[in-house]
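Here are a few exercises to get you going. Take a look at the structure, try each task, then read through the solution.

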There are 2 protein chains.
Amino acid sequence: MEKHQMVEEYLGGLGYALRRPQGLYAPVDYVLQEGGKRLRPVLCLMACELFGGDEKAALPVAAGLEVFHNFTLLHDDIMDNADMRRGKPTVHKVWDSNTAILSGDAMLIEAYKLVSEAPAALLSEVTGIFSTTATGVCEGQQYDMDFERRDVVALSEYIEMIRLKTAVLLAGALKIGAVLAGASDEDCQRLYDYGINLGIAFQLRDDYLDTFGNPEVFGKKLGGDIACGKKNYLLTKAFEILPPHDMAELKKWMEIDGRDEEKIAAVTGIYRRNDIGKLCEDAVSEYCDKALSALSAVEGNVNSTGELAALVAKLQTRQV
Amino acid sequence: MEKHQMVEEYLGGLGYALRRPQGLYAPVDYVLQEGGKRLRPVLCLMACELFGGDEKAALPVAAGLEVFHNFTLLHDDIMDNADMRRGKPTVHKVWDSNTAILSGDAMLIEAYKLVSEAPAALLSEVTGIFSTTATGVCEGQQYDMDFERRDVVALSEYIEMIRLKTAVLLAGALKIGAVLAGASDEDCQRLYDYGINLGIAFQLRDDYLDTFGNPEVFGKKLGGDIACGKKNYLLTKAFEILPPHDMAELKKWMEIDGRDEEKIAAVTGIYRRNDIGKLCEDAVSEYCDKALSALSAVEGNVNSTGELAALVAKLQTRQV
């Protein structure tokens with residue numbers, strides 16, 4: 001069976017729809033319904049397979065990573081006051097904030113329960129990686145919120161933020177899969193490094209597409225990040241390299257609330273004439289290369305790394 | 001060293017004040033500052049000592065239970081929109097709701113990290129008890145919120161709610177302490193039963209004092225539960241046994257918002273003439289007896305159960 005399908009079936013079998021109190025578990029069921037890419041558990045299973053591990057045995061742990069990821073989305077959506085997620089109204093809109101807080105807490109505990117289904121001999125190591133990862137994600141979210149209140153964020157700070165908020169969970173999922181398959185410490189670390197670079201590249205590609213995507217296939221309006229003043233790669237890079245005149249114009253636009261169309265057009269223009277889009281694509285390539293390099297260093301008696309390498313290629317050219 | 005002091009020193013040594021990002025960890029440091037009774041870790045260490053275990057080795061796990069407890073208070077205070085806790089402004093008042101949500105999440109993860117410091121051979125059992133306990137606490141909080149929106153709650157439903165919201169964490173702390181000391185399954189279960197009954201008795205004594213406490217020593221205004229229509233022991237018991245005339249009067253008052261002084265006086269009068277206070281004291285005694293009975297059944301080669309028995313006696317007569 002395909003990994004994605006295995007994860008879907010496992011999550012479906014957890015039976016949150018029937019658990020009581022319904023007020024606590026119906027939102028858990030709601031956010032775990034099909035629709036996501038299940039990227040984290042799939043990566044975990046891919047790493048497990050790579051080193052010849054038992055994917056079925058790894059499945060509860062992999063599912064725990066997906067439950068954790070959805071817990072972070074649930075709480076982030078309250079903090080960001082987001083109305084929609086994956087085309088559906090968010091939990092705090094369908095129910096309320098208190099429900100979203102408490103159901104999220106229950107999901108974090110459920111995630112730990114699933115991760116704790118790792119074999120006894122690996123339990124300490126697996127839960128240790130998971131906890132370190134979970135702390136990193138919280139720290140990343142805090143930096144993201146901190147940056148919203150600051151005027152200027154350095155590019156290096158931005159990269160560190162997305163490393164924590166996005167990349168460590170992908171890396172942790174891969175490392176846990178490798179650990180479950182009994183890979184060497186060195187190979188586990190290589191999978192982790194692959195995941196960190198993949199995660200950063202993924203987010204930078206997101207940043208690129210938000211401004212420079214193909215409007216016919218991108219699916220949402222271009223320039224959302226510019227309109228809300230998001231300190232992403234493009235903006236933090238621009239603040240480091242723009243010549244004085246463009247810098248002054250960029251700062252002027254960043255202080256303006258509203259006039260979205262005009263602002264997006266003007267800032268995109270500044271980016272274009274300073275090759276910021278190209279620099280972002282270069283950075284994506286750089287992190288993709290690092291990911292592939294970590295992957296190619298894997299030494300164990302392994303199955304093909306082709307699937308993991310293909311993910312990098314897909315990421316680099318994705319349009320949505 | 002006294003157990004309370006051991007816990008304080010351990011928590012103080014965790015160093016949250018210095019961790020970065022400060023926006024995430026300063027609130028964690030704030031809520032963990034001295035002031036609480038540290039009842040849960042102290043119970044854990046008492047159970048460990050009872051069976052001759054190594055208290056120092058149990059300390060990180062015990063501290064994890066305190067971190068978990070404070071996480072629940074932090075998130076509950078957002079949900080209840082509470083302004084004060086232990087004489088200090090709550091985190092969401094000092095900072096904001098988003099900070100309180102995210103710092104709470106980080107605390108739950110920190111709690112798991114500390115609990116995971118249990119010896120490898122006991123790790124699976126200890127984290128299993130902890131996760132079951134944590135889920136119970138969330139379910140109890142959900143029932144508590146559900147009950148606020150209902151007109152009538154049965155006494156048995158109320159007892160089940162406080163069992164989950166309050167008692168299972170005391171019971172879990174005791175059981176974990178016993179497990180860490182290598183007690184038999186039967187004795188671990190006895191400590192758990194002791195904790196459940198202690199916890200329920202504790203909450204019922206709270207309910208009693210809120211209406212019938214000695215105003216000169218109670219410390220806060222009597223009748224707070226009546227004013228806000230809290231479905232506690234007194235109210236749920238009254239709904240089960242009042243004669244028609246008093247029932248009608250009670251229902252009338254419960255529909256009234258405001259007129260607090262009058263409402264408290266009238267409902268207290270209804271309780272008094274139907275001996276609801278006495279019935280509550282009887283229930284406290286009943287749960288205290290069950291706690292002592294579970295304690296006296298402990299069979300292992302144990303140190304004195306005197307300290308745990310004394311806690312029951314103290315609870316039963318406490319005025320604040």
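**Exercise 1.** How many salt bridges are there between chain B and chain A?

*Solution.* Start with the ground rules. This is a predicted model, where local features need pLDDT of at least 70, side-chain atom pairs count only at pLDDT 80 or more, and totals for chains, interfaces and linings use all residues. Residues are numbered from 1 along each chain as its sequence is written, chains are lettered from A and ligands numbered from 1 in the order in which they are written, and side-chain values use heavy atoms, leaving out hydrogens and water.

Now look for a side-chain nitrogen of Lys or Arg within 4 Å of a carboxyl oxygen of Asp or Glu. Between chain B and chain A, the count is zero. Next, try polar contacts (N or O atoms within 3.5 Å, one able to donate a hydrogen and the other to accept it; residues adjacent in sequence count only if both atoms are side-chain atoms). Eight residue pairs between chain B and chain A turn up, both residues at pLDDT 80 or more.

**Exercise 2.** Which helix of chain B gives the most residues to the side that touches chain A?

*Solution.* Helices here are DSSP runs (H or I, at least four residues), numbered from the N terminus. On chain B, α2 (22-32), α4 (55-79), α6 and α7 (120-148) each supply at least two residues of that side. The winner is α7(B), with 14 residues.

**Exercise 3.** Why does the span of helix α6 of chain B agree with what you'd expect?

*Solution.* Multiply 1.5 Å by one less than the number of residues. For the 19 residues of α6(B) (residues 97-115), that should span 27 Å, and the end C-alpha atoms are 27 Å apart, so the two agree.
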